[in-house]
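Ready for some hands-on practice? Open the sequence and the 3D view, and work through the exercises at your own pace.

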Amino acid sequence: MDKIRYNRKIYLEDKPREKARNEVLAAFDLPQEKEWIPAASALGRITAEPVFANVSMPFYHASAMDGIAVNAEDTYEAHEQRPLHLKMGEQFVYVDTGNAIPPHYNAVIMVENIQVIDDETIEIIEPATPWQHIRPIGEDIVQEEMLFTQGHQLRPADLGALLATQVTEVAVVKKPMVTIIPTGNELVSADASLSLGRIIEFNGTVFSSYVEDWGGQPYLHPIVKDEPEKIREALLEAVETSDMVVINAGSSAGSKDYTVHILEELGTVFTHGVATRPGKPVILGKIKDKVVVGVPGYPVSAYMAMEWFVRPLVCKYLGVPEPERPKLKVKLGRRIVSTMGAEDFVRMNIGYVDGQFVANPLTRAAGVTMSLVRADGLLVVPPEELGYEQGDIVEVELYRPVEEIMNAIVFSGSHDLTIDLLSSQLKRQRTDMKIVSSHVAAWPD
Ligand SMILES: Nc1nc2c(c(=O)[nH]1)N[C@H]1C(S)=C(S)[C@@H](COP(=O)(O)OP(=O)(O)OC[C@H]3O[C@@H](n4cnc5c(N)ncnc54)[C@H](O)[C@@H]3O)O[C@H]1N2
Ligand code: MOO
């Protein structure tokens with residue numbers, strides 16, 4: 001049993017998010033490692049060094065059409081008024097698309113443009129130009145040509161270019177290993193029997209999915225009890241085996257919120273509390289050379305904190321820019337009040353009504369996962385703003401493609417379960433459309 005008693009940490013910092021992010025990025029300085037993997041399974045991976053073609057593509061002169069290979073000089077006399085006969089084996093051979101052009105031939109005439117006279121003879125009425133309908137060696141890729149620089153994210157067509165030039169193994173940036181530690185005495189797995197106070201552990205799976213999506217390798221640690229010794233043990237093991245560690249919950253002012261104290265003992269803490277709503281009780285620190293991110297328990301806060309502080313680390317390791325969401329100007333359907341001095345992150349419902357985009361806030365409770373599931377966009381209210389008035393035009397980050405928002409039929413008013421049924425029925429008939437029910441009294445003019 002652990003004998004140390006920790007005092008509650010009641011007042012957290014309100015550090016600007018950007019400052020906290022820059023500090024954690026500066027603290028994360030692991031050298032990038034690379035690994036060789038089969039090209040065929042390298043989709044989405046980042047090249048670790050420039051990649052060069054091993055062979056040309058095509059690596060022989062290839063016919064680009066079905067027809068006959070000829071020597072262009074033998075065909076110059078051909079004319080509509082003076083059809084020319086060519087002898088098989090001497091002046092032409094039959095070729096199919098992709099066949100190698102036999103020696104001494106330098107052009108292909110398409111089968112549509114020849115007249116078969118007999119088994120040995122064909123007739124043409126137009127001369128061929130040298131190299132017509134031939135894909136010369138290296139038309140596509142020349143041997144030793146650089147296919148990709150380092151830092152390139154491989155897409156489906158890129159894998160084709162690798163294999164076509166006999167690059168069967170490729171050096172890619174190793175996926176940074178991110179250990180995710182869910183903590184809490186009350187946590188149980190989703191298939192456990194439930195009793196009062198039990199909380200289903202699902203953040204871990206969401207975090208793992210984010211990490212995978214961003215290009216990292218997640219490891220979801222089993223649930224750790226709120227016992228300092230257990231948390232210490234899990235953290236020490238995680239910093240040995242992974243490139244960064246995410247510890248979930250126990251980040252705030254609760255009587256069992258030990259994370260920050262343990263991090264201080266084992267390493268350093270550079271942030272405890274950021275000026276955001278939600279997401280305030282974030283912890284950023286380091287044990288040995290590994291960054292540890294303490295993420296709040298409430299799901300919405302947690303997912304946002306992952307994006308603010310873990311995604312930049314994964315991208316830095318991989319050497320890729322952080323993806324940005326498209327933005328859209330919308331008219332506010334309702335007034336939005338915000339905390340002075342903190343950035344507010346408001347999940348928004350967006351509808352396309354009478355030719356304009358109108359947005360309404362969803363619930364701001366950090367425990368409501370459906371506010372993220374349902375959100376079309378995110379409004380970020382900067383710290384110096386006290387909010388916006390109904391009818392103001394603001395810019396939101398989009399969670400969905402704008403076409404999807406435009407194809408949504410918006411129902412406003414109190415929620416009715418038949419709307420859900422209708423919505424499911426519509427989806428069956430029109431995959432491009434959906435029904436959105438916004439729990440608001442009315443749309444503004
Ligand atoms: N007196 C104060 N109380 C709280 C403050 C504060 O500043 N003063 N901050 C609040 C805020 S903001 C947040 S966010 C939460 C964060 O709390 P913790 O990070 O310490 O997390 P827990 O209390 O352990 O859990 C809170 C809540 O989160 C859900 N949860 C936790 N882990 C998981 C998981 N693995 N999967 C799914 N859901 C999880 C669960 O609903 C917990 O009840 O503190 C406020 N309190
Ligand atoms: O700020 Mo907490 O992070 O409400 O959700």
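Below are six exercises, each with a worked solution.

Before you start, note that this is a predicted model, where local features need pLDDT of at least 70, side-chain atom pairs count only at pLDDT 80 or more, and totals for chains, interfaces and linings use all residues. Residues are numbered from 1 along each chain as its sequence is written, chains are lettered from A and ligands numbered from 1 in the order in which they are written, and side-chain values use heavy atoms, leaving out hydrogens and water.

**Exercise 1. Get a feel for the whole chain: how many helices and strands are there, and what is the radius of gyration?**

Step 1: Count the elements. The chain has nine helices and 30 strands. Both are DSSP runs numbered from the N terminus, with at least four residues of H or I for a helix and at least two of E for a strand.

Step 2: Check the overall spread. The radius of gyration of the chain is 32 Å, whereas a compact globule of 445 residues would have one near 22 Å. That radius is taken over C-alpha atoms, and the globule rule is 2.2 Å times the number of residues to the power 0.38.

Step 3: Put a box around it. Along the principal axes, the C-alpha atoms fill roughly 100 × 60 × 45 Å.

**Exercise 2. Look at surface, contacts and charge: what percentage of the residues count as buried?**

Step 1: Start with burial. Of the 445 residues, 45% count as buried. Buried means under 20% relative accessible area, exposed means over 50%, and partly exposed is in between (1.4 Å probe, protein chains only).

Step 2: Turn to the outside. About 22800 Å² is exposed, and carbon and sulfur atoms supply 53% of that. The areas come from the Shrake-Rupley method with a 1.4 Å probe, and for residues only the protein chains shown count as cover.

Step 3: Ask who touches whom. Take the contacts (heavy atoms within 4.5 Å) with a separation of 6 or more: residues 24 or more positions apart account for 75% of them.

Step 4: Finish with charge. There are 42 positive and 63 negative charges, and their mean positions are 14 Å apart. Lys and Arg count as positive and Asp and Glu as negative, while His and the chain ends are not counted.

**Exercise 3. Find T75 and decide: is T75 buried or exposed?**

Step 1: Locate T75. You'll find it in the loop between β4 (67–70) and β5 (84–87).

Step 2: Read off the accessibility. T75 counts as buried because its relative accessible area is 0%.

Step 3: List what surrounds T75. Beyond its neighbours within four places in sequence, T75 is in contact with V70, L84, L86, I109, I124, P127 and A128.

Step 4: Look at the side chain. A polar atom of the T75 side chain lies 2.7 Å from the backbone oxygen of A72.

**Exercise 4. Now compare two more loop residues: which residues does A42 touch, and which does L194 contact?**

Step 1: Go to A42, in the loop between β1 (34–38) and β2 (51–52). With 0% relative accessibility, A42 is buried. Not counting residues up to four places away in sequence, A42 touches I37, L154, L159 and V170.

Step 2: Go to L194, in the loop between β14 (187–188) and β15 (199–200). L194 has 56% relative accessibility, so it counts as exposed. Leaving aside neighbours within four places in sequence, L194 is in contact with V188 and I200.

**Exercise 5. Hunt for backbone oddities: where are the cis peptide bonds, and what is the phi of W131?**

Step 1: Check M57 to P58, whose peptide bond is cis with omega near -5°. P58 sits in the loop between β2 and β3 (62–63).

Step 2: Check R277 and P278, joined by a cis peptide bond with omega about 0°.

Step 3: Check W131. Although not a glycine, W131 has a positive phi of about 70°. W131 is partly exposed, at 41% relative accessibility.

Step 4: Check D354, another non-glycine with a positive phi, about 50°. D354 is exposed, with a relative accessible area of 79%.

**Exercise 6. Study G67 in strand β4: how far is G67 from M370?**

Step 1: Look around G67. At 5% relative accessibility, G67 is buried. Its contacts include V93, Y94 and V95.

Step 2: Stretch out along the chain. G67 and M370 are 303 residues apart, and their C-alpha atoms are separated by 62 Å.

Terms used: The place of a charge is taken as NZ of Lys, CZ of Arg, CG of Asp or CD of Glu. A polar contact is a pair of N or O atoms within 3.5 Å; within protein, one must be able to donate a hydrogen and the other to accept it, and residues adjacent in sequence count only if both atoms are side-chain atoms.
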